[in-house]
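User: I'm in my first year and still learning to read protein models. Could you take one part of this one and walk me through it slowly?

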Amino acid sequence: MIVQSAPDREEEFAIFNHLESEVRSYARSFPVVFAKAKGTHLFARDGTAYIDFLMGCSSLNYGHNPPELKSALADYIERDGITHGLDLYNEAKESFLREFRETILGPRQLDYVVQFPGPTGSNAVEAALKLARKITGRPNVIAFTNGFHGVSLGALSCTGNRHHRAAAGQLLGAVTRLPYDGYLGSAADTADYLDHLLSDPSSGVDAPAAVIVETVQGEGGLNVAGTAWLRKVAAIAHRYGALLIVDDIQAGVGRTDGFFSFEAAGLRPDIVTMAKSISGYGLPMALVLIDRQLDKWEPGEHNGTFRGNCHAFVTARAALEHFWRKDSFAAAVAEKGDLLKSRLDQITRKYNPGQASAKGRGMMRGIDLKSGEIAGQVISTAFQNGLIVETAGPKDEVVKCLPPLVIGEDQLSQGLDILEHAIESVLGSTVNIARTRKS
Ligand code: PMP
């Protein structure tokens with residue numbers, strides 16, 4: 001199935017080209033007009049089906065329009081349930097909170113309170129940073145190389161990517177950047193370096209309000225922090241009176257581990273940020289989970305009009321009930337993650353490690369093709385053959401696979417076959433191309 005090239009279809013994109021800002025990005029990699037989505041597939045207006053390994057950048061962990069969530073939402077709308085409730089008490093929020101306590105927090109013995117910030121990940125990160133600074137009275141925050149935490153100013157200060165940072169047009173301050181696990185090679189323990197800096201009164205690094213970390217860096221290129229490193233970072237943060245914020249916006253909701261990405265490491269962050277797949281249906285919703293002792297907000301101190309997306313509460317509750325009440329769901333996702341790993345290992349074994357290597361964790365894995373240009377050619381070839389998959393990493397050199405957690409083995413294999421052939425067709429002809437930067 002070969003789609004026509006973009007120039008042949010200029011007419012089809014006329015309204016977007018005329019009226020939509022140049023800031024659009026994903027649309028440039030996948031130049032068709034989409035009309036429908038179901039399960040693992042997106043359908044273009046002409047009916048062409050695409051296997052979706054982008055999945056709203058991990059916002060659709062249960063696939064497109066999952067039937068159990070759709071019927072819960074349709075019922076709710078049909079009976080004129082409240083759509084917009086500011087932060088008023090309402091039944092949709094009540095049911096979500098009950099389900100979240102019973103299914104997620106209770107069994108894990110996590111005594112968090114839940115803050116509903118505005119509906120995006122960046123909103124959650126802004127609130128988390130603000131609260132940490134308010135509690136500790138310290139302005140500085142530690143963030144890591146290749147971290148991505150959003151593009152509003154506070155979150156952007158913690159984001160590493162130069163392309164995004166440059167767009168701020170102003171200084172991004174009050175953040176000290178430190179090397180993530182593995183950033184300086186496997187021999188260097190960068191948690192020890194953090195410890196060293198904070199213990200030295202003359203290091204120039206002030207005691208921080210918080211350390212903010214992703215356990216697996218999504219936009220940063222699927223870098224995985226080791227368990228020992230994470231535990232050390234958590235202990236160091238606490239030793240110096242800083243809060244540990246785990247940004248679980250992309251790696252959470254089953255993508256990499258249990259429900260939270262930090263469960264296997266046995267962490268208990270002071271603050272957790274969540275968004276993307278928490279609603280389960282692609283509806284905007286974000287959470288900040290705050291250790292009960294640290295809930296130092298005054299009423300309305302951090303607010304926003306859209307803190308009560310009742311439709312998202314309804315689908316989020318249905319997702320927890322349908323998927324997470326049973327332990328078997330996490331086990332099935334873990335098995336699928338193993339399958340994804342073994343297939344990616346098998347693909348990369350055909351090349352030398354300087355050309356391709358597999359990385360990631362759980363259902364958040366991909367292939368580092370060492371060059372943004374090559375990775376770009378691979379995703380474009382894959383798209384022409386019916387697979388939507390994006391790149392990540394500092395040079396867009398990592399092809400990042402985010403299949404739905406509920407994908408069938410056949411469809412997973414089908415998508416990976418397309419990816420394998422795309423890599424074959426590109427690496428076969430461009431092995432010696434020099435590294436070039438896309439952004
Ligand atoms: N944190 C992480 C880890 C993310 O991956 C993202 C989005 N890619 C964000 C924060 C920002 O979320 P949003 O785009 O919803 O503002």
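User: Please take a close look at the open sheet made of four strands, and at what packs around it.

Analyst: Sure, let's begin with the ground rules and then go to the sheet.

This is a predicted model, so local features need pLDDT of at least 70, side-chain atom pairs count only at pLDDT 80 or more, and totals for chains, interfaces and linings use all residues. Residues are numbered from 1 along each chain as its sequence is written, and side-chain values use heavy atoms, with hydrogens and water left out.

A word on names: helices (H or I, at least four residues) and strands (E, at least two) are DSSP runs, numbered from the N terminus. Two strands pair if DSSP finds at least two bridges between them.

Now the sheet. Its four strands come in the order β13-β14-β17-β16, the sheet is open, and the pairing is antiparallel. At the edges sit β13 (357–361) and β16 (390–392), each of which pairs on one side only. From one strand to the next, the twist averages 35 degrees. Axes here are lines fitted to C-alpha atoms, for helices over the stretch in contact, and angles run from 0 to 180 degrees between N-to-C directions. As background, strands of a sheet pair through backbone hydrogen bonds, either parallel or antiparallel.

Walk across it with me. Five bridges link β13 to β14, and these two run antiparallel. One partnership to look for is Gly360 with Arg365 in β14. The two strands make a hairpin with two residues between them, and Gly362 there takes a positive phi near 60 degrees. On we go: β14 (residues 364–368) is joined to β17 (residues 398–401) by four bridges, again antiparallel. Arg365 turns up here too, with Cys401 in β17 as its bridge partner.

What lies against the sheet? Helix α12 (residues 327–348) packs on it and touches β13 and β14, and the helix direction makes about 5 degrees with that of β14. Contact means heavy atoms within 4.5 Å.

Next, follow the chain out of β14. Leu369 touches Gln355, Ala356, Ile374, Ala375, Val378, Glu397, Val399, Ile423 and Leu427, leaving out residues up to four places away in sequence. Ser371 is in the loop between β14 and α13 (372–384). With a relative accessible area of 4%, Ser371 is buried; the cut-offs are under 20% for buried, over 50% for exposed, and partly exposed in between (1.4 Å probe, protein chains only). The C-alpha atom of Ser371 is separated by 7.4 Å from that of Asp396, and the two residues are 25 residues apart along the chain.

Leu369 also leads us into the nonpolar interior. A nonpolar core is a set of buried Ala, Val, Leu, Ile, Met, Phe, Trp, Tyr and Cys residues joined through side-chain atoms within 4.5 Å. The largest one has 89 residues, and Leu369 is among those with the most contacts inside it, along with Phe100, Phe259 and Phe260. Helix α11 gives the most to this core, with ten residues. Apart from it lies another core of 25 residues, including Ala124, Val125, Ala209 and Leu294.

So what about α11 itself? Twelve of its 15 residues are buried, so the helix is largely enclosed by the rest of the structure. Among the buried ones are Cys310, His311, Phe313 and Trp324. The cover over them includes α12, the helix that we met on the sheet, as well as α4 and α5. Its length checks out too: at 1.5 Å a residue, α11 should span 21 Å, and its end C-alpha atoms are 20 Å apart, which agrees. The expected span is 1.5 Å times one less than the number of residues.

Finish with α4, one of those covering helices. In α4, Leu69, Ala72, Leu73 and Tyr76 are buried. Seen down the helix axis, the buried residues of α4 fall within an arc of 95 degrees, so they line one face; the arc is that of the directions from the helix axis to the C-beta atoms. In general, an α-helix has 3.6 residues a turn, so residues three or four places apart point the same way. The face of α4 turned away from the buried side carries Asp75 and Glu78, which are exposed. The cover over the buried side of α4 includes α5 (91–105) and α11 (310–324).
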